[in-house]
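Trainee: Please take one part of this model and go through it closely. I would like to see how that part sits in the rest of the chain.

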Amino acid sequence: MDSRNKLLQAHLANLQERFVDRLAEDRAGLVRARGAGDAMAMRELAHRLAGVSASFGYPKIGDAAVRLQEAIDSAPEQELVHTAFDRLVSMLEDPGSFVE
């Protein structure tokens with residue numbers, strides 16, 4: 001591996017580490033938003049997670065985030081929001097179990 005590839009690999013590893021470190025903050029943000037009844041804040045966090053999770057090797061977390069976002073968008077079924085929320089938050093408690 002040449003030095004450019006090593007540098008790129010090191011940079012990507014750093015980005016992935018920062019992503020994983022931020023998952024705990026995202027989880028806390030989701031819990032705060034739910035407690036405050038702020039569906040838009042929950043949706044924004046879910047949208048961000050949906051967009052980046054697969055890129056860092058966590059497609060299952062991304063899929064769960066998409067489900068939460070879609071549940072919020074379809075609003076009438078609050079049970080769907082609660083189920084999707086609970087699933088995503090539980091995954092964020094132990095993201096290492098969902099890396100691919």
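Mentor: What follows is a look at one helix, H3, after a short account of its setting. The model is predicted, so local features need pLDDT of at least 70 and side-chain atom pairs count only at pLDDT 80 or more, while totals for chains, interfaces and linings use all residues. Residues are numbered from 1 along each chain as its sequence is written, and side-chain values use heavy atoms, with hydrogens and water left out.

The protein has four helices and zero strands, in the order α-α-α-α from the N terminus. Helices (H or I, at least four residues) and strands (E, at least two) are DSSP runs, numbered from the N terminus. The C-alpha trace spans about 55 × 20 × 20 Å along its principal axes. Of the 100 residues, 30% are buried, where buried means under 20% relative accessible area, exposed over 50% and partly exposed in between (1.4 Å probe, protein chains only). Among contacts (heavy atoms within 4.5 Å) between residues at least 6 apart in sequence, 58% join residues at least 24 apart.

Now to H3 itself, which covers residues 59–73. Its 15 residues should span 21 Å at 1.5 Å a residue, and the end C-alpha atoms are 21 Å apart, which agrees. The expected span is 1.5 Å times one less than the number of residues.

The buried residues of H3 are Ile61, Gly62, Ala64, Ala65, Leu68, Gln69, Ala71 and Ile72. An α-helix has 3.6 residues a turn, so residues three or four places apart point the same way. The cover over the buried residues of H3 includes H1, H2 and H4.

Gln69 deserves a separate look. This residue lies in H3 and is buried because its relative accessible area is 12%. Leaving out residues up to four places away in sequence, Gln69 touches Arg43, Ala46, His47 and Ala50. H2 runs over residues 39–52.

The packing can also be followed from H1. The buried residues of H1 include Phe19, Leu23, Asp26, Gly29, Leu30 and Ala33, and the buried residues of H1 pack against H2, H3 and H4. Leu23 is also the centre of a kink of about 30° in H1; the bend at a residue is the angle between axes fitted to the seven residues ending there and the seven starting there.
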